[in-house]
Amino acid sequence: MKSCWIAVVGRKGGSGKTALALGLAAHYARKGARVLLVDLDPQGSASLALASDATGERLAELLDKPTEPEMVPNVTFFESPALGLLAGGPALECMTAPRPLREALAGLPMDVVLMDCPPGHAALDRLALQAADVVLAACEPHRLGIAGAARVLDETHALQPHPRCALVLGRLDERRGLDRAAPNLLAGAFAVPVMAVRQDSALAEALNSGRLPPASGRAAADLGAVAGWIDGQT
Ligand SMILES: Nc1ncnc2c1ncn2[C@@H]1O[C@H](COP(=O)(O)OP(=O)(O)O)[C@@H](O)[C@H]1O
Ligand SMILES: [Mg+2]
C-alpha cells in the first residue's frame with residue numbers, strides 16, 4: 001500500500017480541524033493501517049487530546065536539523081488502536097528553516113500520515129500542503145469560515161502537482177436550516193467535493209477526556225464517508 005499523506009488545514013480556530021484529523025487517524029488505525037498523526041499546531045491540541053506531552057520539541061528538532069539517514073524519528077505510539085504521534089507544541093514556533101516533512105519523516109514506514117495544522121500559520125500550513133496527497137480544507141458552515149477555507153483551496157490549487165482537495169464542514173448542526181443547506185450550496189460554488197462532520201457530543205466528550213473519537217455514532221459515520229472519499233482518490 002502506497003502511503004497517503006492527508007493535510008487538515010483551515011484558517012480559523014475551533015472549526016473542527018483537530019477533531020477531523022484525530023477522527024480520521026482513529027478510523028484508519030481501527031482498520032489496521034499504520035497511522036502517524038503529525039501535530040503541527042504550536043498549541044498542541046491533538047497531542048493534548050491524546051494526553052501527550054505537548055512541547056513540540058521532538059518534531060521541531062526533526063524538521064529543523066538534518067538527521068543521520070539511518071536515524072528513525074522517535075515517535076510516541078499509542079495502543080488500541082495503534083497510532084503514532086509526533087506531538088506539537090510551542091517549539092514549532094521557533095523553527096528557522098524547516099525541511100520538507102516527507103524528507104524529515106522518510107525513515108518511518110507508514111500507511112497514512114495525518115497532518116493537523118494550526119489556525120492562521122502560513123509557514124506551517126505550507127509545510128503540510130507541500131507534503132500532502134490530499135488536502136481537507138476544514139471550516140464551520142458559516143460565511144467567514146468558508147472564506148478562509150476558500151483561500152486554502154486556492155493555495156492548494158497553485159501547487160504543482162496539486163494535491164486532491166475537498167472542503168469539510170466541521171460541527172455541522174443539523175437543527176439549523178442554514179447548516180443543513182450549506183453542503184449543497186457550497187458544492188455548487190466550489191469545484192471540489194463538500195463533506196461534513198455533524199455535531200456529535202460523544203466526539204466532543206472523547207476529545208475532552210483523552211480518548212480517541214468513538215467508532216460509532218453520527219461523527220464516526222461522517223468521518224467514514226470522508227475516509228471513503230480519500231480512499232477513492234489514492
Ligand atoms: N463534530 C463535532 N461535534 C461536536 N464537537 C466538536 C466537533 N468537532 C469539533 N468539536 C469540538 O469543538 C471544539 C473545537 O474543535 P477542534 O477540532 O479543536 O477545532 P480546531 O482544530 O479547528 O481548532 C473542540 O472542543 C472539539 O471537541
Ligand atoms: Mg486544532
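**Pocket, ligand and cavity**

Q: Which element gives the most residues to the lining of the largest pocket in this predicted model?
A: Happily, one element leads here, and its share of the lining is 5 residues. The element that gives the most is H1.

Q: How large is the volume of the largest pocket, and which residue in its lining is an arginine close to the centre?
A: Let's take the space before the walls: the volume is about 570 Å³. The lining holds 27 residues, and those nearest the centre include Gly-14, Gly-16, Ala-19 and Leu-207. The arginine in that nearest group is Arg-171.

Q: Which elements give two or more residues to the lining of the largest pocket?
A: The 27 lining residues come in part from helices and strands that each supply at least two. Those elements are H1, helix H2 (45–49), strand E7 (164–172), E8 and H8.

Q: How do the residues of the pocket lining divide by character, and how many are charged?
A: Sorting the lining of the largest pocket gives 11 nonpolar and 10 polar residues. The charged residues number 6.

Q: Where does ligand 1 sit?
A: A good way in is to look at the neighbours of ligand 1: 15 residues surround the ligand, with Gly-14, Lys-17, Thr-18, Ala-19 and Asp-200 the closest. Gly-14 and Ala-19 are also among the lining residues nearest the centre of the largest pocket. The space that ligand 1 takes is the largest pocket.

Q: Which elements give two or more residues to the shell around ligand 1?
A: With ligand 1 placed in the largest pocket, the shell can be traced to its elements. Those that give two or more residues are helix H1 (17–30), strand E8 (194–198) and helix H8 (201–208).

Q: How many residues of the shell around ligand 1 are polar?
A: The shell has 5 nonpolar and 4 charged residues. The polar ones come to 6.

Q: What percentage of the area of ligand 1 does the protein bury?
A: Backbone atoms reach ligand 1 at several points: an oxygen atom of the ligand is 3.0 Å from a polar backbone atom of Gly-16, and an oxygen atom is 2.9 Å from a backbone N or O atom of Thr-18. On the nitrogen side, a ligand atom lies 3.0 Å from a polar backbone atom of Arg-198. Taken alone, ligand 1 exposes 550 Å², and the part of this that the protein buries is 79%.

Q: Which element supplies the largest share of the lining of the largest cavity?
A: Searching the whole structure turns up 1 cavity of 30 Å³ or more, and the largest cavity holds about 30 Å³ of space. Residues lining this cavity include Gly-10, Lys-12, Cys-139 and Gly-148. Strand E6 (134–139) and helix H6 (143–158) each supply at least two lining residues. The largest share, 3 residues, comes from H6.

Q: Which residue follows Gln-160 across a cis peptide bond?
A: The spot to check is the loop between H6 and E7. There, omega is near -10° for the bond that leads from Gln-160 to Pro-161.

Q: What is the phi value of Ala-51?
A: Ala-51 is found in the loop between H2 and helix H3 (57–64). Its phi is positive, in a residue other than glycine, with a value near 55°.

Technical notes. Residues are numbered from 1 along each chain as its sequence is written. Chains are lettered from A and ligands numbered from 1 in the order in which they are written. This is a predicted model: local features need pLDDT of at least 70, side-chain atom pairs count only at pLDDT 80 or more; totals for chains, interfaces and linings use all residues. Side-chain values use heavy atoms; hydrogens and water are left out. A residue is near a molecule or strand if one of its heavy atoms lies within 4 Å of it. A polar contact is a pair of N or O atoms within 3.5 Å; within protein, one must be able to donate a hydrogen and the other to accept it, and residues adjacent in sequence count only if both atoms are side-chain atoms. Accessible areas come from the Shrake-Rupley method with a 1.4 Å probe; for residues, only the protein chains shown count as cover. On a 1 Å grid over the protein atoms alone, a cavity is a set of points where a 1.4 Å probe fits but cannot get out, and a pocket is an open set with protein on both sides within 12 Å along at least five of seven lines; lining residues have an atom within 4 Å of a point. A molecule sits in a cavity or pocket if more than half of its atoms lie within 2 Å of its grid points. Helices (H or I, at least four residues) and strands (E, at least two) are DSSP runs, numbered from the N terminus. Ala, Val, Leu, Ile, Met, Phe, Trp, Tyr, Cys and Pro count as nonpolar, Asp, Glu, Lys and Arg as charged, and the others, Gly among them, as polar. Grid points are joined across faces, edges and corners, and a volume is the space filled by probe spheres set on the points.
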